[in-house]
Amino acid sequence: MCILDVLELGLLVGHLVFGGKNMLNWQLKAFKQLSLTELYAIIQLREQIFVVEQQAIYLDADGADLTALHLMLWESEQLVAYARILAPDAAGVVHFGRVCVRNEARKNSIGRQLVLKILAEIQLRYADAVVIISAQKYLQEFYQALGFTAISADYLTEDGILHVDMRLA
């Protein structure tokens, strides 16, 4: 799937229907625009996924959040999905990460919609950038289905989880 396909899917619209019942709302904010309640929800979801579920012990507050864009998907007052998008580095490479979806929403293709929304936002802001991610190894096929290819050997990160670098083709 190319980035133009993502744009044609209409993912730039702020709302979508989830399971035919509740309205979901996409929000994209810089760190300074986040309310304390939003920041707390982000921290809580990231800790639930990465620390509790995956038992990954690492410093989540790595400083990158301060300059990142924070993509959030809300259902009413509950944060359903989240990711952060980092600005292009000196080489023109954009990274995104901390991709997480609340457990009960994972069967509804929310993860796929989240990544497509990330890619659409990157295309809008950084059209000429190369997109490279550090993906958890077990998600390699998921990202390949979205147009990414592996560009590194598998490696362990500081949290002890196997990862692979991938580039958007």
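Begin this tour with the aromatic rings, of which the structure holds 4 pairs. Keep in mind along the way that the model on your screen is a predicted one.

**First stop: the rings around Phe 96**

Select Phe 96 together with Tyr 143, and you will find an aromatic pair of the tilted kind, with 6.5 Å from centre to centre and 55 degrees between the planes. The two partners come from distant parts of the chain, since Phe 96 belongs to strand 6 (residues 96–101) and Tyr 143 to helix 4 (residues 140–144), with their positions 47 residues apart in the numbering. Are Phe 96 and Tyr 143 buried or exposed? Both Phe 96 and Tyr 143 are buried.

Keep Phe 96 selected and add Phe 148, which forms an edge-to-face aromatic pair with Phe 96, at 6.1 Å centre to centre and with 70 degrees between the planes. Phe 148 lies in strand 8 (residues 148–150) and Phe 96 in strand 6, so this pair ties together parts that are 52 residues apart in sequence. Phe 148 is buried, as is Phe 96. If you now add Phe 142 to the selection, you have the cluster that ring pairs make out of Phe 96, Phe 142, Tyr 143 and Phe 148.

**Second stop: the largest pocket**

Turn next to the largest pocket, which holds about 900 Å³ of space. It is lined by 35 residues, and those closest to its centre are Phe 50, Arg 98, Val 99, Gln 136 and Tyr 143. Which element gives the most to this lining? Strand 6 does, with 6 residues. If you colour by element, look also for helix 2, helix 3 (110–125), strand 7 (130–136) and helix 4, each of which supplies at least two residues of the lining.

**Third stop: the salt bridges**

The count of salt bridges in the model comes to 12. Select Asp 60 and Arg 46, whose closest N and O atoms are 2.9 Å apart in a salt bridge; Asp 60 sits in the loop between helix 2 and strand 3, while Arg 46 is in helix 2, 14 residues away along the chain. Asp 60 counts as buried because its relative accessible area is 15%, and Arg 46 is likewise buried, with a value of 3%.

Now add Asp 65, whose side chain also meets that of Arg 46 in a salt bridge, at 2.8 Å from N to O. Asp 65 is again in the loop between helix 2 and strand 3, and lies 19 residues from Arg 46. Asp 65 is buried, too.

From here, move to Asp 62 and Arg 98, whose side chains form a salt bridge of 3.2 Å, N to O. This pair joins the loop between helix 2 and strand 3, where Asp 62 lies, to strand 6, where Arg 98 lies, across 36 residues. Asp 62 is partly exposed, at a relative accessible area of 40%, whereas Arg 98 counts as buried at 18%. Select Arg 84 as well, and you can trace the network of salt bridges that links Arg 46, Asp 60, Asp 62, Asp 65, Arg 84 and Arg 98.

**Last stop: the surface and the whole chain**

Show the surface and select Val 51, Val 52 and Ile 57, which make a nonpolar patch of about 280 Å². Ile 57 is in the loop between helix 2 (36–53) and strand 3 (69–75), and it is exposed, with a relative accessible area of 68%.

Finally, zoom out to the whole chain, which has 4 helices and 10 strands. Of its 169 residues, 44% are buried.

Key. Residues are numbered from 1 along each chain as its sequence is written. This is a predicted model: local features need pLDDT of at least 70, side-chain atom pairs count only at pLDDT 80 or more; totals for chains, interfaces and linings use all residues. Side-chain values use heavy atoms; hydrogens and water are left out. Patches are made of residues with over 30% relative accessible area and no salt bridge: like charges are joined within 9 Å, nonpolar side chains (Val, Leu, Ile, Met, Phe, Trp, Tyr) within 5 Å. Accessible areas come from the Shrake-Rupley method with a 1.4 Å probe; for residues, only the protein chains shown count as cover. A salt bridge is a side-chain nitrogen of Lys or Arg within 4 Å of a carboxyl oxygen of Asp or Glu. Buried means under 20% relative accessible area, exposed over 50%, partly exposed in between (1.4 Å probe, protein chains only). Rings of Phe, Tyr and Trp (its six-membered ring) pair if their centres lie within 6.5 Å; planes under 30 degrees apart count as stacked, over 60 as edge-to-face and the rest as tilted. On a 1 Å grid over the protein atoms alone, a cavity is a set of points where a 1.4 Å probe fits but cannot get out, and a pocket is an open set with protein on both sides within 12 Å along at least five of seven lines; lining residues have an atom within 4 Å of a point. Grid points are joined across faces, edges and corners, and a volume is the space filled by probe spheres set on the points.
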